[in-house]
Amino acid sequence: MTIQEFIAKYREAFGESVPFPVAFGYSEKVVTAVKKMPRCMIGAIRKVCDGEPLTLSADNVLCGGGRLYAAFAPMPERVPAFVSETEHYKQTKEQVREYIERLDIRLSDKPYLNFIRMDRLESLNDMEGILFFATPDVLSGLCSWAFYDNNDDDAVCARFASGCCSIVTFTVKENRAGDRRCFIGLLDPSARPLVPKNELTFTVPVCRFKEMMNTMEQSALFQKAYSIVRKRINGEIQN
C-alpha cells in the first residue's frame, strides 16, 4: 500500500474530521527552518497536524528532558530531582535515575528530528514512527487495528513517560529493534494543556506500521461495530 492509498483508506476508516497522522524520523537535512519554539515541544508537534512540518534539533529543544528523550543530549543532573520533588511523578530521585537507565537512550548521530504530516510525505524512508492524535473513539479503532494480527499481551502499551518520551523514545527504540508494540501516550499532566482535552497519542514504529497497512481493510476498522463509532466521530449520530 502506498502512502496515498493509506491516506484514502484512513479517511474511509475514520472520516473527514480526524487529524492526519504525522511521521517522524532523524535526518541530516531539515524539512523546515529550525525555529525558536516554546520550552515544551508537544504543542509544536501537535501543530504539524495543521500541515506545517517541524524540525527539532539540540538548538531549538529548550527543555532538558526534551533534549534527552529526543536523543539530542544526556540527562541533565537536575532531572531526577525535578521529576520526583517538583512534579511528584516518581517517589524518589533514585526511581527516576533507574527508569532513565532502563530506557538506554542512545544519542542520535543525526542532528535533526523531522515531523511531517503523512499526506505530505513521499515515502517512509528514514522515518522511525507514525504518530496519531486520537480521541477515545479514534483510539478504539487504532487499538483494534493493532490487536488484529498481534496476539501479544503488550501489543499496545501505556507506560510511565513524559509526553515526548511516549512519542519519540519508545517508538524509536521499538523500531530499531524491529519489534511490534504500539504506544498510548500523553498521559503526562505537564503536557496535557498543550493538546485538546480529549486527545491522547498513539504511536506505531514504522517497521510495525508497514505490517499494519496490509491488515487495515481486514481489521475491525471496516466492520459493522466500528462503522457506528465512525458515525459518532463525525457527528452523524449523537450519544
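**Entry 1: helix α5**

I started with helix α5 (residues 93-103), where the buried residues are V96, Y99, I100 and L103. Buried here means under 20% relative accessible area, exposed means over 50%, and partly exposed is in between, with a 1.4 Å probe and protein chains only. I noted that the four cover an arc of only 95 degrees around the axis, which puts them on the same side of α5. The arc is that of the directions from the helix axis to the C-beta atoms.

I then turned to the face of α5 pointing away from its buried side and found the exposed residues E101 and R102 there. The buried residues of α5 pack against α3 (64-69), α4 (79-86) and α7. Contact means heavy atoms within 4.5 Å. For my own reference, helices (H or I, at least four residues) and strands (E, at least two) are DSSP runs, numbered from the N terminus.

**Entry 2: a note on the model**

I am reading a predicted model, in which local features need pLDDT of at least 70 and side-chain atom pairs count only at pLDDT 80 or more, while totals for chains, interfaces and linings use all residues. Residues are numbered from 1 along each chain as its sequence is written, and side-chain values use heavy atoms, with hydrogens and water left out.

**Entry 3: α4**

What do the buried residues of α4 pack against? I found that they pack against α3 and α5. They are V79, P80, V83 and S84. Seen down the axis of α4, these buried residues fall within an arc of 110 degrees, so they line one face of the helix.

**Entry 4: positive phi values**

Most residues other than glycine have a negative phi, and I went looking for exceptions. α4 is followed by H88, whose phi is positive, near 60 degrees. α5 is followed by D104, with a positive phi near 50 degrees. D104 lies in the loop between α5 and β3 (112-117), and at 38% relative accessibility D104 counts as partly exposed.

I added A71 to my list, with a positive phi near 70 degrees. A71 sits in the loop between α3 and α4. Is A71 buried or exposed? At 7% relative accessibility, A71 counts as buried.

**Entry 5: the cores**

Next I looked up the largest nonpolar core, which has 40 residues. Such a core is a set of buried Ala, Val, Leu, Ile, Met, Phe, Trp, Tyr and Cys residues joined through side-chain atoms within 4.5 Å. The residues with the most contacts inside this core are M41, L54, L56, Y69, Y99, L113 and F115. Helix α7 (residues 163-177) gives the most to this core, with six residues. Apart from it lies another core, of 36 residues, among them A13, M118, A146 and F202.

I picked L54 for a closer look and found it in strand β2 (residues 54-56). L54 is buried, with a relative accessible area of 11%. Not counting residues up to four places away in sequence, L54 touches V31, T32, M37, A44, I45, V48, L113, N114 and F115. L54 and V31 are 23 residues apart in sequence, yet 6.9 Å apart in space, C-alpha to C-alpha.

I tried L56 as well, again leaving aside neighbours within four places in sequence: L56 is in contact with M37, M41, V61, F72, P111, Y112, L113 and F115.

**Entry 6: helix pairs**

Two packed helices are described by the angle between their axes and the distance between the axes. Axes are lines fitted to C-alpha atoms, for helices over the stretch in contact, and angles run from 0 to 180 degrees between N-to-C directions. Angles under 35 degrees count as roughly parallel, over 145 as roughly antiparallel, 65 to 115 as roughly perpendicular and the rest as oblique.

- I saw that α5 and α7 pack at an angle of about 40 degrees, with axes 11 Å apart. They are therefore oblique to each other. Y99, R102 and L103 of α5 make the contact with C165, F170 and K173 of α7.
- I found helix α6 (residues 136-148) and helix α9 (residues 224-233) packed at about 150 degrees, with axes 9 Å apart. That makes α6 roughly antiparallel to α9. Here D137, V138, S140 and G141 in α6 meet Y226, V229, R232 and I233 in α9.
- I ended with helix α1 (residues 3-14) and α9, which pack at about 85 degrees with axes 8 Å apart. That makes α1 roughly perpendicular to α9. E12, A13 and F14 of α1 make the contact with Y226, R230 and I233 of α9.
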